[in-house]
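Open the model in your viewer and keep the sequence panel visible. The stops below follow one path through the fold.

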Amino acid sequence: TPQGWSGTIEELLPFMEQNGIEKIIQVNFTPVWDMHQAALRRLPADQSPAQRAEAEAELRREMAGRVVRRNEWTCQVAQEHPDKIVAYVGIDPVEDGETMSRDLETCHQRGARGIKLHPAVQRVAPNDRALWPGYETLQRLGMAVLSHSGPFGGIDFEPSRPRSFEEVARDFPNLTLVLAHCGGGPYHDEAAELVSRHPNVYFDCTGVASGSSEAGEGRLSDDEIVGLFRRLG
């Protein structure tokens with residue numbers, strides 16, 4: 001940024017004060033896929049199959065530990081600034097079901113209000129059954145799921161489409177599921193179809209409205225965004 005900031009809490013708090021921002025939500029998730037791929041590339045090429053299997057199992061445990069540690073930090077920061085920061089933590093299929101559920105229980109006790117998913121960055125399909133223990137725990141605790149939806153960074157990642165959330169919304173009818181970007185262009189119609197069947201699905205309009213009478217750069221015009229809001233409710 002022009003200010004040369006790096007995204008620290010020490011930078012954030014005065015920025016909030018200067019700009020009249022009362023409260024922010026951390027939407028932290030751990031980019032396990034990228035970390036895992038980098039770690040795999042560093043493994044010795046001359047390992048035996050048994051050594052490779054053992055190394056990969058150890059890497060999986062390490063990646064699961066990183067998810068837990070980042071969640072701990074997220075909750076700690078929010079607890080240090082309870083009037084300004086709300087914690088949304090992360091889950092990943094690299095965790096086994098017991099670890100995922102136990103970590104969410106701990107985070108909830110420490111004030112976390114939900115989780116953030118980013119299918120395109122995490123390379124995780126929201127209907128991956130490995131996430132079901134997490135969804136079950138979130139539903140029981142009344143915690144929300146906020147997920148990216150639609151293309152990201154020029155990548156049209158299929159599991160980011162609204163239809164990929166159908167099974168989640170169906171199997172967890174009391175789980176508040178928020179799809180960012182109104183399902184993501186060009187999938188607004190798909191988002192409207194999804195919400196017509198599942199009242200527990202909600203949306204945000206981040207990056208959707210152009211603030212103009214004309215659409216552009218993948219964003220909707222004023223008339224189009226009003227029409228979409230009327231369809232979504």
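**From the core outward along the sheet**

In this predicted model, start with the largest nonpolar core, which has 43 residues. Select Ile115, Tyr135, Leu138, Val145, Leu177, Val201 and Phe203, the residues with the most contacts inside that core. A separate core of 10 residues lies apart from it, and includes Leu40, Leu59, Ala64 and Val67.

Next, centre on Val145. Which residues does Val145 touch, leaving out those up to four places away in sequence? They are Ile115, Leu117, Tyr135, Leu138, Leu175, Thr176, Leu177 and Val178.

Now show strand E4, residues 144-147. Ala144 and Leu146 are buried on one side, Val145 and Ser147 on the other, and both faces are thus covered. E4 pairs with strand E5 (residues 177-179) in the parallel sense, over three bridges, and Leu177 in E5 is opposite Val145. To get from E4 to E5, trace the chain through helix H7 (residues 166-171); this β-α-β crossover is right-handed.

Turn to the other neighbour of E4. Strand E3 runs parallel to E4 and is joined to it by four bridges, with Ile115 opposite Val145. Select residues 114-117 to see E3 covered on both faces: Gly114 and Lys116 are buried on one side, Ile115 and Leu117 on the other. In a regular strand, side chains alternate between the two faces of the sheet.

Finish at strand E2, residues 85-89, which is parallel to E3 and joined to it by two bridges. Select Tyr88 and its bridge partner in E3, Gly114. Adding helix H4 (residues 97-109) completes a right-handed β-α-β unit with E2 and E3.

Definitions and conventions:
Residues numbered from 1 in each chain as written. Predicted model: local features only at pLDDT ≥ 70, side-chain atom pairs only at ≥ 80, totals over all residues. Heavy atoms only, no water. Buried < 20%, exposed > 50% of the residue type's maximum accessible area, 1.4 Å probe, protein only. Pairing = 2+ DSSP bridges. Right-handed = clockwise from strand over helix to strand, strands pointing away. Core = buried A, V, L, I, M, F, W, Y, C linked by side-chain atoms within 4.5 Å. Contact = heavy atoms within 4.5 Å.
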